[in-house]
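Notebook open, model loaded. I want to go through the sheets, then the helices, then the core.

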Amino acid sequence: MNLADMLSYADIHELGRIANTYECECNGHSKNELIQSILSTALRREIFEKHIQSLNLEDIRFLNSLLFDPRNAFSIEELIARVQQSRFQKDESVEWNPRDMVVKFKKLGWLFNGYSQQTKFLFHVPNDLKRKFSDVLTGQFKQSLKQTPEPNVYRDEQLLIIEDIFHFLTFLSQVQELPLTVEGSMYKRQLQQILDRMSVQEEMVSKGAWRFGYGRMFKDYPNRFSFIYDYCYYRQLISEQGQVLSLTEEGKSRLLEGKKENLADVYKFWLRLYKNPIPNVQSLAGWVDRLSGQWVTLASLSEVLCKLVKPFYYDSSESIVEQRILQMMMHLGLIRIGEDLENGMVVQATKMGSKVIQGTFVAEEDKVVLFLDQESARFKGDIK
């Protein structure tokens, strides 16, 4: 629902609090006047932008956690958890209550309780305000970006990760059974053989390196391949039994059919896998898409994103943005990264990446199925 709809369901006391926040001059005993006055004031561009600009960094982080979430309802416990995640530096000497931020957003008319018996304990963000928040913040963030011309050299991996998932499954089908160590990882010799087959070359993980939090096998395998391995494992394409790695029946079936993964599914898995160390990974991907339609310097983009990223143990905000977000987005074909002599590393979102992030991507084989379905429907007279 939009702001006007949510205001119509709000009681007069809540409307009064919102009207006071915006200093509306109207009859406080008339619900209709309150609604009209709030709408004409709160949605006015200069006033809306003024309130956004007055937000502190913690407010923006909390707001950011709501913008790219496709769900429409949040419990108070979930909102409080998000407020707590938005506070990176904790000053124990300052009394702080995370509920205060929820109350603040309610007074601004940015959060509303549901109106039905089933939703009255859930909180909602008006859909039209979500769009306005995104547009205003995009404008603010872009002011900090440095645009550049297209570099002479850039790296664009497109659908290489899809090909390499297929290469990995093919390798397992050829060896049939691969022995695993007591710890459950592959032996170096076999691992190197697989890494040599990958389209993107990676070095094996050095001993004693700090590595955890980004998947089951992240501690044993390099970043990109550990993601490929975990994807295959969780999609039940491979199986680990009795210290042996092998293809499942589903994995064998994929190879026989020559069926390759849908990039949208691989992207969604990346979001789930990285959500624990980076709770707002989905919103960060959304901002990369919004802010890098044109070539921008990696340094300026990183500076904007780092303000939204909480460090994860020994992983700093900078390393999370550059290695866990941008590097992996390049491996997924969502962005391309180049190098410019004058500006250093530069970044741009790919057209395919924008479609994947915005949820409009359709794989080529799915397009064929869709076309055949439409042709069939036409033949039956279902499509004019």
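I started with a helix on a sheet: α11 (residues 223–234) lies across β6 and β7, and I read its direction at about 85 degrees to β6. Note to self: this is a predicted model.

**Overall look**

I counted up the elements next, and the protein has 18 helices and ten strands. Of its 384 residues, 49% count as buried. The C-alpha trace spans about 80 × 65 × 45 Å along its principal axes. I also checked how far apart in sequence the contacts reach: among those between residues at least 6 apart, 64% join residues at least 24 apart.

**The three-stranded sheet**

Back to the sheet under α11. In which order do its three strands come? I get β5-β7-β6, an open sheet with antiparallel pairing. Both β5 (178–179) and β6 (238–241) have a single partner strand and stand at the edges, so one side of each has no neighbour in the sheet.

I then went through the pairs. β6 is joined to β7 (residues 244–247) by four bridges. Two of the partnerships I wrote down are Glu240 with Leu245 and Ser239 with Ser246. On the β5 side, two bridges make the antiparallel link to β7, and there Leu178 stands opposite Leu245. Leu245 therefore turns up in both lists, as the bridge partner of Glu240 and opposite Leu178.

The hairpin of β6 and β7 has two residues between the strands, and Gly242 in this hairpin takes a positive phi near 55 degrees.

**The four-stranded sheet**

This one is open and antiparallel too, and I read the order as β4-β9-β10-β8. The edges are β4 (153–155) and β8 (296–297); each has a single partner strand, so one side of each is left free of a neighbour in the sheet. Helix α16 (residues 317–331) packs on this sheet, where it touches β4 and β9, and its direction makes about 110 degrees with that of β9.

For the edge at β4, I found three bridges to β9 (residues 335–340), in the antiparallel sense. Tyr154 has Gly338 in β9 as its bridge partner.

**A helix pair**

How do α6 and α7 cross? The axes of α6 (residues 76–85) and α7 (residues 99–107) come within 8 Å, and I get a crossing angle of roughly 110 degrees. The band for roughly perpendicular is 65 to 115 degrees, so α6 is roughly perpendicular to α7. Ile76, Leu79, Ile80 and Val83 are the α6 residues that meet Arg99, Met101 and Val102 in α7. Sorted by class, this contact has six nonpolar residues, one charged and no polar.

**The core**

Which members of the largest nonpolar core touch the most others? Out of 116 residues, my list is Trp110, Phe168, Met186, Phe225, Trp270 and Ile325. Helix α13 (residues 263–274) gives the largest share of this core, with nine residues. That nonpolar side chains tend to be buried together is the general pattern in soluble globular proteins.

I picked Met186 for a closer look. Leaving out residues up to four places away in sequence, Met186 touches Leu178, Pro179, Leu180, Thr181, Leu191, Ile194, Tyr221, Phe225, Tyr229 and Leu245. Leu178 and Leu245 in that list are the two that stand opposite each other in the three-stranded sheet. Phe225 is on it as well, and Phe225 is another of the core residues that touch the most members.

Conventions: Residues are numbered from 1 along each chain as its sequence is written. This is a predicted model: local features need pLDDT of at least 70, side-chain atom pairs count only at pLDDT 80 or more; totals for chains, interfaces and linings use all residues. Side-chain values use heavy atoms; hydrogens and water are left out. Contact means heavy atoms within 4.5 Å. Axes are lines fitted to C-alpha atoms, for helices over the stretch in contact, and angles run from 0 to 180 degrees between N-to-C directions. A nonpolar core is a set of buried Ala, Val, Leu, Ile, Met, Phe, Trp, Tyr and Cys residues joined through side-chain atoms within 4.5 Å. Buried means under 20% relative accessible area, exposed over 50%, partly exposed in between (1.4 Å probe, protein chains only). Angles under 35 degrees count as roughly parallel, over 145 as roughly antiparallel, 65 to 115 as roughly perpendicular and the rest as oblique. Ala, Val, Leu, Ile, Met, Phe, Trp, Tyr, Cys and Pro count as nonpolar, Asp, Glu, Lys and Arg as charged, and the others, Gly among them, as polar.
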